[in-house]
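Please look through this model with me, one question at a time, starting with its pockets and moving on to individual residues.

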Amino acid sequence: MTIRRVALRQTSLLRRSVNYTSPSIRQWPRFVNTSGQSHAAGRGRGGAKRKILGGVFVALSAGAAAALYSFMTKEPPKPREAVIEYEKPRPAAESKEDNRDIISSQHLQVKKSWEHPGVYAWGSNSGRVAAPDLTDNVVKTPRRIPFFDGQLLRDMKLDRDFGAALTEKGDLVQWGLAFSKDDSTPAKTLKGKDLIKIGISRDRIIALGKNGTVYSIPVAASDQTLGEKSHQSSWLSFWSRPETVNYRQLKPRNLGWDENVVDIASGLEHALLLTSRGRVFSAASSTSDFPSKGQLGIPGLTWASRPKGPYDEPHEIPILKGFKIANIAAGDYHSLALDSDGRVFVFGDNTSGQLGFEVESEIPYVDGPIPLPFNKIYSGSGKQPKVTSIAAGGANSFFTVDAKRVTGMREHADSIKDLGRVTADTWACGSGIWGNLGTGKWTHVSLGPSKIKPLSGLYEWDENTNSVIPIRLARLSAGSTHAAAVMNNVTSVGISDANSDNETNWGADIVFWGGNEHYQLGTGKRNNMPYPTYIEPLDGGEGDAEKGRKGEHHRFQITPRTTVRLGEGGKGRKASVEQRVECGRFVTAVYSGT
């Protein structure tokens with residue numbers, strides 16, 4: 001490219017030289033014949049002038065010829081020789097394990113996630129959620145929350161103004177300015193309920209107990225002390241004590257004798273409850289507003305028409321009766337349900353196309369579940385789709401699909417080389433103005449689901465089966481304007497002293513995309529990202545620098561589930577642990593999950 005640019009510059013100069021000298025030659029005869037005097041009369045003075053001009057012309061012509069010759073004969077400068085930069089010398093390893101840390105950033109990340117479990121958070125800190133101990137309004141890159149150092153968590157949910165998490169024993173921890181303006185640091189609130197999952201609304205926390213009990217707890221600590229409190233009883237009927245936190249219970253009616261709630265999801269105003277028999281109930285989850293955009297999935301149900309009883313009483317969604325629902329998801333004002341056969345049902349707000357079909361101004365929302373026809377989306381592709389998972393957040397919906405190659409019309413099975421091959425695709429719909437669709441486009445509203453190409457059609461070689469397998473998503477977390485996806489790629493977490501010193505552990509790939517106005521993507525920059533991107537290790541490269549990799553750029557890989565001994569050198573207690581990502585409202589966290 002350098003040679004070509006030099007040649008172009010020389011050609012341009014050469015062309016200018018020729019254009020400059022030619023007019024001079026053409027103008028010379030005309031100049032000497034324009035004198036109005038006779039030849040004899042102008043012999044003396046005119047002759048002298050002509051001699052001087054002639055000399056000047058000869059000099060100019062000679063100079064131009066010399067310059068032209070120089071340009072014609074001068075060799076172009078030689079390109080700069082490529083300098084091969086070899087890998088920088090590494091520090092001398094003191095042991096097998098030290099050598100693994102030196103040669104692999106991914107191995108070091110996995111190791112540190114076991115030795116130092118806890119929580120990294122970043123993004124908006126206006127509500128003292130990402131960094132309760134700082135007054136900065138944003139946290140630009142991942143930073144540990146000291147309160148959770150050494151802890152394993154069951155679940156975590158994040159809002160810009162408050163955070164909630166479940167300890168390893170199932171106690172609820174809350175923090176942030178919406179929890180307490182006087183002390184925003186994390187504190188245990190509801191204890192002894194063996195909670196396994198939480199969701200958050202605008203002003204309440206919906207929590208699921210291991211026994212299927214669903215609790216609704218105020219976000220604000222001041223509200224938790226108001227009103228009559230329940231009593232906690234033991235199996236001994238004569239012993240009970242009052243609760244320290246005021247809460248409500250969401251109790252679905254007419255459950256079977258062996259039926260209980262096994263999953264929950266919450267939007268800003270509503271909650272979904274899934275039972276062990278695949279039935280779905282919906283309820284109001286906020287005290288500030290009653291759901292009014294169809295997200296409850298019960299046609300005609302409003303504040304005015306609601307049945308007598310508690311305002312947040314769960315009601316079964318009648319249209320979903322007869323379908324065994326396996327997964328539920330909730331955005332701010334819309335809901336998704338996935339049955340065991342891979343059929344998706346959508347309902348609620350559709351002003352951004354988050355339900356997967358074109359926006360209609362006359363019908364801004366749908367108040368009853370309707371199917372989203374993925375068979376139509378794959379029509380003519382020769383593939384049979386089955387939705388395998390759903391996720392929702394803000395005004396967005398996400399779907400993962402296994403598309404199996406089948407024989408199409410006018411096709412013969414013998415002529416199809418990839419018959420039966422499964423392709424794993426990821427689809428998104430809804431608002432994309434911040435890049436939160438992940439498709440590489442800035443779309444205000446969606447006309448239908450769009451494929452996230454960087455997360456679709458991926459394959460890898462599996463050495464265990466000696467075959468090519470599709471790379472699916474292990475988890476997708478959707479926040480209000482951004483999202484993160486953990487890939488289900490081949491990982492390695494079983495390296496021990498029995499392996500060679502060059503065999504290493506590595507985790508799963510994880511990517512982020514969408515809104516970044518509060519630095520919630522963790523890139524350290526503020527620009528939004530319309531397509532999935534990697535971020536650097538959570539410790540900011542500190543561990544890499546200690547192992548001789550200062551200045552190098554490595555990507556963050558998240559540690560999959562395994563059973564290990566925690567603590568420095570693996571000398572602590574034995575536990576089953578994995579790292580999980582949680583995208584909230586302008587805040588992101590990665591925590592050690594049990």
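Q: Which helices and which strand each supply at least two residues of the lining of the second largest pocket?
A: This is a predicted model, and in it the second largest pocket holds about 410 Å³ of space. Of the 20 residues that line this pocket, Glu-97, Lys-111, Trp-114, Ile-495 and Gly-569 are the closest to its centre. The elements that each supply at least two lining residues are helix H3 (96-103), helix H4 (105-115) and strand E32 (562-565).

Q: How do the residues of the lining of the second largest pocket divide by character, and from where does the largest share come?
A: The lining divides into five nonpolar, eight polar and seven charged residues. The largest share of this lining amounts to five residues, and the element that supplies them is H4.

Q: Is H4 largely enclosed by the rest of the structure or not, and why?
A: The buried residues of this helix include Leu-108, Val-110 and Trp-114, and its buried residues pack against H3, helix H7 (542-546), strand E31 (557-558), E32, E33 and strand E34 (587-593). Because buried means under 20% relative accessible area, the count can be made residue by residue along the helix. Nine of the eleven residues of H4 are buried, so the helix is largely enclosed by the rest of the structure.

Q: Which residue caps the N-terminal end of H4?
A: At this end of the helix, a side-chain oxygen of the capping residue lies 3.4 Å from the backbone nitrogen of Gln-106. The residue that carries this oxygen is Ser-104.

Q: What is the volume of the largest pocket?
A: The largest pocket is lined by 46 residues, and among them Lys-157, Lys-197, Ala-392, Arg-475 and Leu-476 lie nearest its centre. Its lining divides into 20 nonpolar, 15 polar and eleven charged residues, and the strands that each supply at least two of them include strand E21 (383-393) and strand E22 (396-405). The volume of this pocket is about 1,000 Å³.

Q: Which strands are the edge strands of the open sheet of four strands?
A: The order of this open sheet is E21-E22-E23-E24, with antiparallel pairing. Within it, nine bridges join E22 to strand E23 (residues 422-430), and Phe-398 stands opposite Ala-428 in E23. The strands that pair on one side only, and are therefore the edge strands under the pairing rule of at least two bridges, are E21 and strand E24 (450-451).

Q: The side chain of Asn-489 reaches the backbone nitrogen of which residue?
A: Asn-489 lies in the loop between strand E28 (482-487) and strand E29 (508-514), and it is buried, with a relative accessible area of 11%. Leaving aside neighbours within four places in sequence, Asn-489 is in contact with Glu-460, Ile-471, Gly-507, Ala-508 and Asp-509. At 3.0 Å, its side chain reaches the backbone nitrogen of Asp-509.

Q: Is Asn-254 buried or exposed?
A: Asn-254 has its place in the loop between strand E12 (248-249) and E13, and it has a positive phi of about 60° although it is not a glycine. Most residues other than glycine have a negative phi. With a relative accessibility of 71%, Asn-254 counts as exposed.

Q: Is Tyr-519 buried or exposed?
A: Tyr-519 lies in the loop between E29 and strand E30 (529-533), and it has a positive phi of about 65° although it is not a glycine. At 12% relative accessibility, Tyr-519 counts as buried.

Key:
Residues numbered from 1 in each chain as written. Predicted model: local features only at pLDDT ≥ 70, side-chain atom pairs only at ≥ 80, totals over all residues. Heavy atoms only, no water. 1 Å grid on protein atoms, 1.4 Å probe; cavity = no way out; pocket = protein on both sides within 12 Å on 5 of 7 lines; lining within 4 Å. Points joined across faces, edges and corners; volume = space filled by probe spheres on them. Nonpolar A, V, L, I, M, F, W, Y, C, P; charged D, E, K, R; others polar. Buried < 20%, exposed > 50% of the residue type's maximum accessible area, 1.4 Å probe, protein only. Polar contact = N/O pair within 3.5 Å; in protein donor to acceptor, adjacent residues only side chain to side chain. Contact = heavy atoms within 4.5 Å.
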